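Please work through the exercises below with the sequence and the model in view. Each task is followed by a solution in steps.

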Amino acid sequence: MGNQTLSLENGDHYKGGLVDGKKHGRGRGRYTFCDGSIYEGGFDNDLKSGKGRIIFSSGNKYEGDFENNLFNGKGTFFFKDGRKYVGDFKDGQISGHGVFSGKDGKNKYKYEGEFVDGQYEGHGVLKIDKISTYDGEFRGGKKNGHGIMTFPDGSKEEGEWVDDAFIKDFNNPW
């Protein structure tokens, strides 16, 4: 097996274990893409597998579990603009339970809850500093379904939401 070096025709380079001419080994391979992106971690039968880290030429970075060349399992994705996601991945997408945080202008925000294909989906809590906290249902990345919006002064809106709009107050049905 041993540590070997490969230079591919497309300009990519690999240094790490090889078995029958295929990249293989847990946590020891380093693959440098021709665009400057770098993956360090495990390989199984020529595919990224197990624990690993990839630094993209764009400045984004992922650390966590890989399976079949994709983000799968637990991981952290760091966006070059400062946003961060910590949680579950499935088939290369943010899916499952996680925490997404960042800053929008002057305000920090944090969403903790369920995701499907990178969007808020199911129950979650979205807190935007100094503005509001929404605890409720999401569909397609928007507030949809029952939820409670709490404002810094303690006031609340509880009811039904459709595409981020509050439409029905359960406490005042008229």
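The exercises go from the whole chain to single residues.

The model is predicted, with local features requiring pLDDT of at least 70 and side-chain atom pairs pLDDT 80 or more, whereas totals for chains, interfaces and linings use all residues. Residues are numbered from 1 along each chain as its sequence is written, and side-chain values use heavy atoms, without hydrogens and water.

**Exercise 1. Describe the secondary structure and overall dimensions of the protein.**

Step 1. The protein has 16 strands and zero helices; these are DSSP runs numbered from the N terminus, with helices being H or I of at least four residues and strands E of at least two.

Step 2. The C-alpha trace spans about 75 × 30 × 25 Å along the principal axes.

Step 3. The radius of gyration is 21 Å, against a value near 16 Å for a compact globule of 174 residues. This radius is taken over C-alpha atoms, and the globule rule is 2.2 Å times the number of residues to the power 0.38.

**Exercise 2. Characterise the contacts and burial of the chain.**

Step 1. Among contacts (heavy atoms within 4.5 Å) with a separation of 6 or more, 4% join residues 24 or more positions apart.

Step 2. Of the 174 residues, 33% are buried. Buried means under 20% relative accessible area, exposed over 50% and partly exposed in between, with a 1.4 Å probe and protein chains only.

**Exercise 3. Describe the surroundings of aspartate 88.**

Step 1. Aspartate 88 belongs to strand S9 (residues 84-90).

Step 2. Aspartate 88 counts as buried because its relative accessibility is 17%.

Step 3. Leaving out residues up to four places away in sequence, aspartate 88 touches Gly73, Lys74, Gln93, Ile94, Ser95, Gly96 and His97.

Step 4. For histidine 97, the backbone nitrogen lies 3.0 Å from a polar atom of the aspartate 88 side chain.

**Exercise 4. Is glycine 147 buried or exposed, and which residues does glycine 147 touch?**

Step 1. Glycine 147 is in strand S14 (residues 142-150).

Step 2. With a relative accessible area of 0%, glycine 147 is buried.

Step 3. Beyond residues up to four places away in sequence, glycine 147 touches Tyr134, Asp135, Gly136, Glu157, Glu158, Gly159 and Trp161.

**Exercise 5. Locate two aspartates with positive phi.**

Step 1. Aspartate 46 has phi near 80° and lies in the loop between strand S5 (38-44) and strand S6 (47-55). Aspartate 46 is partly exposed, at 30% relative accessible area.

Step 2. Aspartate 91 has phi near 50° and is placed in the loop between S9 and strand S10 (93-104).

Methods
Polar contact = N/O pair within 3.5 Å; in protein donor to acceptor, adjacent residues only side chain to side chain.
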